[in-house]
2 protein chains.
Amino acid sequence: MPDKKAKTVKPASDAVEILHRRFFEGKPARLKNLEEARANEEIARKIHELRAAVALAQTQLAKLIGTTASVICRLEDADYEGHSLAMLRRIAGALNQRIEIRFIPIRRSA
Amino acid sequence: MPDKKAKTVKPASDAVEILHRRFFEGKPARLKNLEEARANEEIARKIHELRAAVALAQTQLAKLIGTTASVICRLEDADYEGHSLAMLRRIAGALNQRIEIRFIPIRRSA
DNA sequence: TTGAAATTTCGCAACATTGCGAATAAACTG
DNA sequence: CAGTTTATTCGCAATGTTGCGAAATTTCAA
């Protein structure tokens with residue numbers, strides 16, 4: 001490894017380390033898990049609401065996307081952590097919707 | 001480097017769409033695949049743009065999310081069909097962003 | 001209360017995504 | 001040009017997600 005101590009220049013590696021530090025210091029494991037838990041819960045709720053909105057039973061929605069009720073039930077469980085893009089798309093497709101995915105900047109408040 | 005321009009894509013899009021529409025008219029299954037292909041392409045592009053925006057090499061982003069450059073490369077490949085929520089979240093998290101997922105009604109027919 | 005439909009939980013096989021190194025190609029620097 | 005960094009491709013093991021039946025629980029209407 002080349003040894004650089006440049007004060008004047010800012011190698012890309014520095015930026016990486018900074019980002020890395022922000023990632024792990026500014027976002028403790030607990031916070032991150034919390035956010036993930038919330039996200040999962042939100043997805044579960046959206047699926048449930050979507051299904052409820054069209055008044056389908058889990059069994060019916062299951063048939064629409066080619067699976068079983070127990071799978072739908074699992075998806076609507078707020079504690080389920082295995083949500084996938086593939087499944088969301090299948091549900092959206094069956095209900096004549098599409099999935100939109102956006103990256104949204106998080107403003108780190110103080 | 002294989003064709004990976006991510007600048008302007010407007011010009012040819014019209015003609016391409018017309019051709020595809022004629023070819024796939026009345027064939028939902030294929031249309032659906034087309035939509036999926038587009039969605040995948042869009043995700044790949046978004047990841048690439050996001051990484052480019054913060055001026056990170058694939059290797060650097062890879063380290064941020066705890067993986068290798070070949071994985072990032074795969075994600076940025078427009079033909080990759082294995083995009084997952086989990087990976088998108090990891091990338092978003094590393095870049096101080098969050099993933100927003102929406103179900104959006106499609107108005108069919110016309 | 002009773003029965004039927006709907007939902008929930010569990011376990012495991014099948015399938016899909018990720019990890020990761022190594023080799024190749026391309027882009028960049030001097 | 002050679003040397004360095006970056007990007008791409010491939011294969012396979014490891015991990016994660018889905019499929020699905022069966023049984024337990026809840027909901028609901030009669």
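Start your tour at B:N96, which sits in the loop between α5 and β1 (97-105) of chain B. Helices here are DSSP runs of H or I with at least four residues, strands are runs of E with at least two, and both are numbered from the N terminus. What you have open is a predicted model, where local features need pLDDT of at least 70, side-chain atom pairs count only at pLDDT 80 or more, and totals for chains, interfaces and linings use all residues. To find your way, count residues from 1 along each chain as its sequence is written, letter chains from A and number ligands from 1 in the order in which they are written, and remember that side-chain values use heavy atoms, with hydrogens and water left out.

**Stop 1: backbone oddities**

Stay on B:N96: its phi is positive, about 60°, although it is not a glycine. Most residues other than glycine have a negative phi. B:N96 counts as partly exposed, at 22% relative accessibility. (Buried means under 20% relative accessible area, exposed means over 50%, and partly exposed is in between, using a 1.4 Å probe and protein chains only.)

Now hop to A:N96, which follows α5(A) and has a positive phi near 60°. While you're there, colour the buried residues of α5(A): A:L85, A:M87, A:L88, A:R89, A:I91 and A:A92.

Next, select B:A55, in the loop between α2 (28-53) and α3 of chain B. B:A55 is another non-glycine with a positive phi, about 55°. Is B:A55 buried or exposed? It's exposed, with a relative accessible area of 59%.

**Stop 2: a loop glycine**

Click on B:G82, in the loop between α4 and α5 (85-94) of chain B. B:G82 is partly exposed, at 36% relative accessibility. Then add B:N40: the two residues are 42 residues apart along the chain, yet their C-alpha atoms are separated by 8.4 Å.

**Stop 3: two crossing helices**

Show helix α3 (residues 58-65) and helix α4 (residues 69-76) of chain B, whose axes come within 8 Å and cross at roughly 105°. (Axes are lines fitted to C-alpha atoms, for helices over the stretch in contact, and angles run from 0 to 180 degrees between N-to-C directions.) That makes α3(B) and α4(B) roughly perpendicular to each other, a label for angles of 65 to 115 degrees.

Which residues of α3(B) and α4(B) meet? From α3(B), pick B:Q58, B:T59, B:L61, B:A62 and B:I65; from α4(B), pick B:A69, B:I72, B:C73 and B:E76. Contact here means heavy atoms within 4.5 Å.

Zoom in on B:E76 in helix α4 of chain B. B:E76 is buried, with a relative accessible area of 5%. Its side chain has a polar contact of 3.0 Å with the side chain of B:H48 and another of 3.5 Å with that of B:Q58. (A polar contact is a pair of N or O atoms within 3.5 Å; within protein, one must be able to donate a hydrogen and the other to accept it, and residues adjacent in sequence count only if both atoms are side-chain atoms.)

**Stop 4: the DNA**

Finally, select DNA strand D, which 21 residues surround; the closest are A:Y80, A:S84, A:R90, B:Q58 and B:S70. "Near" means that a heavy atom of the residue lies within 4 Å.

Try some individual pairs. A polar side-chain atom of A:Y80 is 2.7 Å from a phosphate oxygen of strand D. At A:G82, a backbone N or O atom lies 3.1 Å from a phosphate oxygen of strand D. For a base oxygen of strand D, go to A:S70, where a polar side-chain atom is 3.0 Å away.

Key:
Angles under 35 degrees count as roughly parallel, over 145 as roughly antiparallel, 65 to 115 as roughly perpendicular and the rest as oblique.
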